[in-house]
Amino acid sequence: MASWDVFRELDNLRREIDEAFRGAGMNRPFGPTFLSPVTTRRFPMVNFSEDEGNVYVEALVPGVDPKDVELSVLRNTLTISGERKPFADMKGIVHRTELGSGKFSRTLELPVDIDANRITAQCKDGIMTITMAKAEHAKPKKIEIKLS
């Protein structure tokens, strides 16, 4: 069972506030974002789940070449970073560009320790699926109760 750490929660809150105000004072008050020009939506968006043996992350990375994505694990955090290249085939007068480009990074705190040697990732149709095996000490153990 994961324990609640107030200092970790405060650090997460500080990071979220820092991210919200990153780029203040530029042309756009909250800097450029990937999917929406006026919000501070995080990219890539993720689905995050677990079962008894694994932790699963599905990351939405449309238009990003998997070779331009880097995954790293440190202790109980997963970082997904990379770059979406700008679209070079736009010709003539451009009336709107909503498909962002540029570097991105997203760090997720994992609920349990994982075995860093047993991580797989695959990308299909713009969705990267990451499967991480839980460390043996993080898997639930069934304890036999003896009658006295």
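The following dialogue examines how the terms applied to this predicted model rest on their definitions.

Trainee: What makes the model's values admissible?

Mentor: The model is predicted, so local features need pLDDT of at least 70 and side-chain atom pairs count only at pLDDT 80 or more, while totals for chains, interfaces and linings use all residues. Residues are numbered from 1 along each chain as its sequence is written, and side-chain values use heavy atoms, with hydrogens and water left out.

Trainee: How many helices and strands does the protein have, and what makes a run count as one?

Mentor: The protein has 1 helix and 7 strands, in the order α-β-β-β-β-β-β-β from the N terminus. Each is a DSSP run: H or I over at least four residues for a helix, E over at least two for a strand, numbered from the N terminus.

Trainee: Why are β1 and β2 called paired?

Mentor: Strands pair if DSSP finds at least two bridges between them. Strand β1 (residues 46–50) and strand β2 (residues 54–60) are joined by 5 bridges, so the criterion is met, and they run antiparallel. F48 stands opposite V57 in β2. The two strands form a hairpin with 3 residues between them.

Trainee: How do you know that β2 also pairs with β7?

Mentor: The same test applies: 7 bridges join β2 to strand β7 (residues 127–134), therefore they pair, again antiparallel. Here L60 stands opposite I127 in β7.

Trainee: Which strands are the edge strands of the sheet with the order β1-β2-β7-β6?

Mentor: This open sheet of 4 strands has antiparallel pairing. Its edge strands are β1 and β6 (114–124), because each pairs on one side only. Neighbouring strands are turned by 15° against each other on average, direction ignored; the axes are lines fitted to C-alpha atoms, on a scale from 0 to 180 degrees between N-to-C directions.

Trainee: What makes a set of residues a nonpolar core, and which members touch the most others in the largest one?

Mentor: A nonpolar core joins buried Ala, Val, Leu, Ile, Met, Phe, Trp, Tyr and Cys residues through side-chain atoms within 4.5 Å. Buried means under 20% relative accessible area with a 1.4 Å probe, counting protein chains only. The largest core has 17 residues, of which V57, L78, I80, I130 and M132 touch the most other members. At least two residues come from each of β2, β4 (77–84), β5 (102–109) and β7.

Trainee: Which residues does I130 touch?

Mentor: Leaving out residues up to four places away in sequence, I130 touches V55, Y56, V57, L71, L78, I80, I119, T120 and A121; contact means heavy atoms within 4.5 Å.

Key:
Buried < 20%, exposed > 50% of the residue type's maximum accessible area, 1.4 Å probe, protein only.
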